[in-house]
Amino acid sequence: MLPVDPANKLSFHRCITGGDLVIVYERHDNMKAVKVCEGSILQNRFGVFKHSDWIGKPFGSKVFSNKGKFVYLLAPTPELWTLVLSHRTQILYLADISFVIMYLEVVPGCLVLESGTGSGSLTTSLARAVAPTGHVYTFDFHEQRAASAREDSERTGVSSLVTFGVRDIQGEGFPDEFSGLADSVFLDLPQPWLAIPSAGKMLKQDGILCSFSPCIEQVQRSSETLRSSFTDIRTFEVLLRTYEVQEVKIDCSEGDEGGILGSPPCKRRHRSSEESSRPEISFSTRIMAKPSGEARGHTGYLTFARLKCAS
Ligand SMILES: C[S@@+](CC[C@H](N)C(=O)[O-])C[C@H]1O[C@@H](n2cnc3c(N)ncnc32)[C@H](O)[C@@H]1O
């Protein structure tokens, strides 16, 4: 488990030990979570990596296989964990997570309620955002999912910041012990409108609720319920567009120089008399950014609302 450093931040500034979870990074679209065990190996297209070679190295180290190829051993930060965790449910991704943390105003010391826990993708980021003095209480009615998310939180080092409960939040609401104590509530439930009255009771004055729903019909129904005790109701859809930056070779043969708008002039060399009878072919390289094919489209709608002040 990752310790809390003297500056009270979740810290990865230490060396890898047996039992740690590391993210084995080949490239940005090829990563894998691996538990380090003395005596184990990792085998991939780069060859065989001995875990024993990893122990004692700082997180972020480059390690080599028996074939001289390398991977990086990264710390399981929430950003990376979201990309490698095992999907037991649909999950929230970086774009929605970042937006949720900001619009829910989650800061160190906050008490946050969440349901459902699902695969714990959002939970891990909420936990880091409230550290070191806050706490996340997350509920799912699916016992096995709650248990798996709890185990994951031990592996990613946030277990002391999260309590996992098994409860039907749509049917029973959040436990009364949190009444008036929550800074924010996050719902990712199939019928969030059933949990909204309870969420309202849990929030402190001015507290904020966010509900994630994949369909606009769910947003409409939730918004109707929110109107009685919430204000400032706003819905967002977050779309992320990623770009791949690549070096490309451009043919700028004679007569075609600068054929692509803004391309740099080709570097030409003097040609011999024999060569000059042949048409000249020359290339220049250029850095280009093009939208990535793996960009995600619609994930869902995020509806935020602030508890009305008691008059
Ligand atoms: C889409 S998943 C949540 C994913 C999560 N936000 C994440 O990022 O990993 C929805 C979860 O809600 C849980 N759920 C559905 N109905 C529930 C209810 N009435 N009470 C509590 N949890 C419920 C499901 O078991 C499921 O795990």
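A residue counts as near a molecule if one of its heavy atoms lies within 4 Å of it, and that cut-off sets the shell of residues described in the ligand views below. Please keep in mind that this is a predicted model.

**Figure 1. Welcome to the whole chain, with its 7 helices and 15 strands.** The protein chain has 311 residues, and 44% of them are buried. About 16,800 Å² of the chain is exposed, with carbon and sulfur atoms supplying 52% of that area. Among contacts between residues at least 6 apart in sequence, 64% join residues at least 24 apart.

**Figure 2. Here is an open sheet of 7 strands with mixed pairing.** Following the sheet across, you meet the strands in the order E9-E8-E7-E10-E11-E15-E12. Strand E9 (162-166) and strand E12 (230-236) are the edge strands, each pairing on one side only. From one strand to the next, the twist averages 15 degrees.

**Figure 3. A closer look at one edge shows strand E8 beside E9.** Strands of a sheet pair through backbone hydrogen bonds, either parallel or antiparallel. Strand E8 (residues 135-140) and E9 run parallel, joined by 5 bridges. To find one of these pairings, look for Phe 139, whose bridge partner in E9 is Gly 165.

**Figure 4. Two helices, H2 and H7, lie across strands of the sheet.** Helix H2 (residues 94-103) lies across strand E10 (182-187), strand E11 (203-213), E12 and strand E15 (301-307). Its direction is at about 10 degrees to E15. Helix H7 (residues 216-226) lies across E11, E12 and E15, and runs at about 5 degrees to E15.

**Figure 5. Helix H3 (residues 121-130) is mostly covered.** Of the 10 residues in H3, 9 are buried. Among them are Leu 122, Leu 126, Ala 127 and Val 130, as well as Ser 121 and Thr 123. Helix H3 also supplies at least two residues of the shell around the ligand, and so does helix H5 (169-172).

**Figure 6. Now meet the ligand, surrounded by 23 residues.** The closest are Asp 140, Arg 145, Asp 168, Ile 169 and Asp 188. A polar side-chain atom of Arg 145 lies 2.7 Å from an oxygen atom of the ligand. Ser 119 places a backbone N or O atom 3.1 Å from an oxygen atom of the ligand. For Ile 169, a backbone N or O atom is 3.0 Å from a nitrogen atom of the ligand. On its own, the ligand has 600 Å² of accessible area, and the protein covers 92% of it.

Key:
Residues are numbered from 1 along each chain as its sequence is written. This is a predicted model: local features need pLDDT of at least 70, side-chain atom pairs count only at pLDDT 80 or more; totals for chains, interfaces and linings use all residues. Side-chain values use heavy atoms; hydrogens and water are left out. Two strands pair if DSSP finds at least two bridges between them. Helices (H or I, at least four residues) and strands (E, at least two) are DSSP runs, numbered from the N terminus. Axes are lines fitted to C-alpha atoms, for helices over the stretch in contact, and angles run from 0 to 180 degrees between N-to-C directions. Contact means heavy atoms within 4.5 Å. Buried means under 20% relative accessible area, exposed over 50%, partly exposed in between (1.4 Å probe, protein chains only). Accessible areas come from the Shrake-Rupley method with a 1.4 Å probe; for residues, only the protein chains shown count as cover. A polar contact is a pair of N or O atoms within 3.5 Å; within protein, one must be able to donate a hydrogen and the other to accept it, and residues adjacent in sequence count only if both atoms are side-chain atoms.
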